[in-house]
Amino acid sequence: MNVKRISLNDLHLNSFDVLKKVQNLKEIYLNNVKIENLHKIEAIQNVTLLSMIDTVIGISDIKHILRDIKTIKFLNIEMIFHKMNKTQTIDNPLLEHSNLNYFGLVGYAIETLGTKTFDKFASSLISLNLSRNLIEELHDSIFASLTDLRTLDLSFNKIKHLKIEILPLSIQNLNLSWNFLTEFGQSIKGTSYSNLRNLHLSHNLLKKFILPNKNMSQLSLDHNYLTDLELWKWTVTQNQSHTIINLKFNTPKCSCEFKRLQKNLFFKSDNFEYCILDEIDDRIVTEMMPCVKKDDLVDYIDLCPIYTRVLNFTCDETALHETVINCTNKNITNFSTEFMKKVFYNQKLSKKVSFYLDQNPFLSSLPRIPSSYWVLPSTEFNIYAMNSGIEYVNESNIMRNLKLLNVTGNKIRKMHLKVLEKLKMTKIGLSRNPIECSCEEYKNMKEFSMIFSDYNEITCDDGIPISIDRTICVDIETLSLYVCLTILMVILIIILIIVNYSMEIRVLIHTRLKCFTKNKNYSNKMKYNAFISFVQEDEELVKQIINHLECQSDQIKDERNIRFCIHLRDWQIGKRIDRQIAESIENSEKTIVILSKNFINSFWGHEEFKLAYCKAMEGYEGHLIMIIHGDLKEISNKLKPEMRSYVKTHTYLKWDDKWFWDKLKYALMK
């Protein structure tokens, strides 16, 4: 089999040996594949790409792959973080590899990297991905050997300090988003990192930033705490290379210079959304666009900044203010009474208050206003809590005049009727929650569908959209109709079964339920129930019939005892054979012929068949019972004309029929 690329999902393998027969295999993609013996990799020694997602693999296995697969250029290992049962430490250097271009170790719960982890990596390594780990610190010489490294991804770690000097001069793409960096840049401005083109530092704690290179293509600095106006000035007046810059959700100082920068823009920029007033100046305040007053920026509460910003273009008394409690991605578990007191007692709240609670996986409930605090009836509340761990919405947690509640991507299973009634004036986002769609829950959600901004995207815990009609939740009339239709279908199915399996049904009724219909042509005084015609080679088969039926005859309740006539036991010695054949057939209700390849060659067997056949033709229908022993196709060409005619025009029994004994009993009692 000649295949260059193969993808395996959700499997359990003993080793890679299953791929031995695949020729020219170059790329392997594994997703949730458990491999018992990762050391047996002879079958994949020529691959150039190996991607293992959600496949548990140890550090020793990684070293083994790097040692034995000399051709590999791309090695990517991604884990689902919660499946790593302990943090990882890489103290010793990984093995040298001369061809590796890309190495990814994502979600591996790495906490510590040794100073010589990558010392033996050859200069061929171009891209290194260590995102979604637990790295807090990087040693000065960690990347010293990677002289040609161009892409480095360290996003979603816990790095607090990073000296830019430890990075290779060849670096072109650097991602440090979602860390805890407070500053970044060289102590002395220079152009040593002239190759750097893309720099991502969003979602950090940056307060100080020095531009390492003025010719970059993309610079992401959003969601930090930068205030230096020089950076904003550079974006407008000195950005000659047209770098794409994101400075959103930072707080530059408001000034006349800031206003002039805004006026110099030839396009709308989110980077100039708002600023902090360093000094209260009426002239500046009335002319500035949306602002955040520095006086209103309070101490952090559980790492959550609280501030008031102006939403319209004038900052005078008529301006619309918004108080923001920003707890996005702060690992909040709950809102204590002390926390809420600091929010509602110590602040001069605006007429609009917004809670930003996104990305808090351990937050199980919404914040609640202390009962002792009185809020102006005109105060509007917004709650943004996307992709968190909220499990329920209580009636007591619903703030009065709540205008927006976005809880998409949480763990909410129920929205009770009282909660929906209290939220009837609120715009709600509820998609990507495992809603339990019981009939009551389904009807309530459907009744209040107009309050959900994403109603058509809400799915139940069974994966079916809630907007689709659920037939199980129906009224009595409709349910009655369904019941009637079901009964009708059952009746039709029973009729079809009776038509298609009438023979089997009759056999069961006669043999298992003991409901017998006596043949009117026969008298109970006949000596035998059946004469068995067979040849000596089929004697064992006849013994089975006798043992099976004659021994069980005492269980039959039709006042008859089954008794067979066989020549070995019941014929008189010295009497003519032809007469004994005639008497045996005459004194038996039935004649059973064991038709086999030996029987068709027997003269007396043929004579017995002719006499039984004649009696059947004289009006004793059902007298002759034929049992085929062996393959009928093999003997059909050797049959005498009478036998061939009978087989074609009458039903018969086959010895290997699973219903054989029931059908034989039925034929004998009919």
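Partly exposed describes a residue whose relative accessible area lies between the buried limit of under 20% and the exposed limit of over 50%. Lys543, at 38% relative accessibility, therefore counts as partly exposed. The legends below describe close-up views of a predicted model.

**View A. Glu540 and Lys543 form a salt bridge in helix 10.** The closest N and O atoms of the pair are 3.8 Å apart. Glu540 and Lys543 are 3 residues apart in helix 10, so about one helical turn separates them. An α-helix has 3.6 residues a turn, so residues three or four places apart point the same way. Glu540 is exposed, with a relative accessible area of 53%. Lys543 is partly exposed, at 38%.

**View B. Helix 10 has a buried face.** Helix 10 spans residues 539-549. Its buried residues include Leu541, Val542, Ile545, Ile546 and Leu549. Seen down the helix axis, the buried residues fall within an arc of 140°, so they line one face of the helix. Glu540 and Asn547 are exposed on the other side of helix 10. Which elements cover the buried residues of helix 10? The cover includes three helix and strand elements from the list that follows, among others:

- strand 25 (528-533)
- helix 11 (567-570)
- helix 16 (660-669)Strand 26 (564-565), strand 27 (588-595) and strand 28 (624-628) are also part of this cover.

**View C. Salt bridges link Glu550, Arg563, Arg569 and Asp570 in a network.** One of the contributing pairs is Asp570 with Arg563. Their side chains meet at 3.5 Å, N to O. Is Asp570 buried or exposed? Asp570 counts as buried, at 17% relative accessibility. Arg563 is partly exposed, with a relative accessible area of 39%.

**View D. Glu607 and Lys610 form a salt bridge in helix 13.** Helix 13 covers residues 603-617. The closest N and O atoms of Glu607 and Lys610 are 3.4 Å apart. The two residues are 3 apart in the helix, so about one helical turn lies between them. Glu607 is partly exposed, with a relative accessible area of 23%. Lys610 is partly exposed too, at 28%. The structure holds 14 salt bridges.

**View E. Strand 20 is largely enclosed by the rest of the structure.** Strand 20 runs over residues 321-326, and 6 of its 6 residues are buried. In a regular strand the side chains alternate between the two faces of the sheet. His321, Thr323 and Ile325 point one way from strand 20. Glu322, Val324 and Asn326 point the other way. Both sets are buried. Strand 20 pairs with strand 21 (residues 352-356) in the parallel sense, over 4 bridges. Thr323 stands opposite Val353 in strand 21.

**View F. Phe103 and Phe118 have the most contacts inside the largest nonpolar core.** This core has 78 residues. It draws at least three residues from each of domain 1 (5-183 + 198-209 + 216-225) and domain 2 (184-197 + 210-215 + 226-288). Which residues does Phe118 contact, leaving aside its neighbours within four places in sequence? Phe118 is in contact with Leu94, Phe103, Leu113, Leu128, Leu130, Ile142, Phe143, Ser145 and Leu146. Apart from this core lies another, of 45 residues. Phe344, Met399, Leu402 and Ile466 are among its members. In soluble globular proteins, nonpolar side chains tend to be buried together.

Conventions
Residues are numbered from 1 along each chain as its sequence is written. This is a predicted model: local features need pLDDT of at least 70, side-chain atom pairs count only at pLDDT 80 or more; totals for chains, interfaces and linings use all residues. Side-chain values use heavy atoms; hydrogens and water are left out. Buried means under 20% relative accessible area, exposed over 50%, partly exposed in between (1.4 Å probe, protein chains only). The arc is that of the directions from the helix axis to the C-beta atoms. Contact means heavy atoms within 4.5 Å. Two strands pair if DSSP finds at least two bridges between them. A nonpolar core is a set of buried Ala, Val, Leu, Ile, Met, Phe, Trp, Tyr and Cys residues joined through side-chain atoms within 4.5 Å. Domain bounds come from an automatic or database domain assignment. A salt bridge is a side-chain nitrogen of Lys or Arg within 4 Å of a carboxyl oxygen of Asp or Glu.
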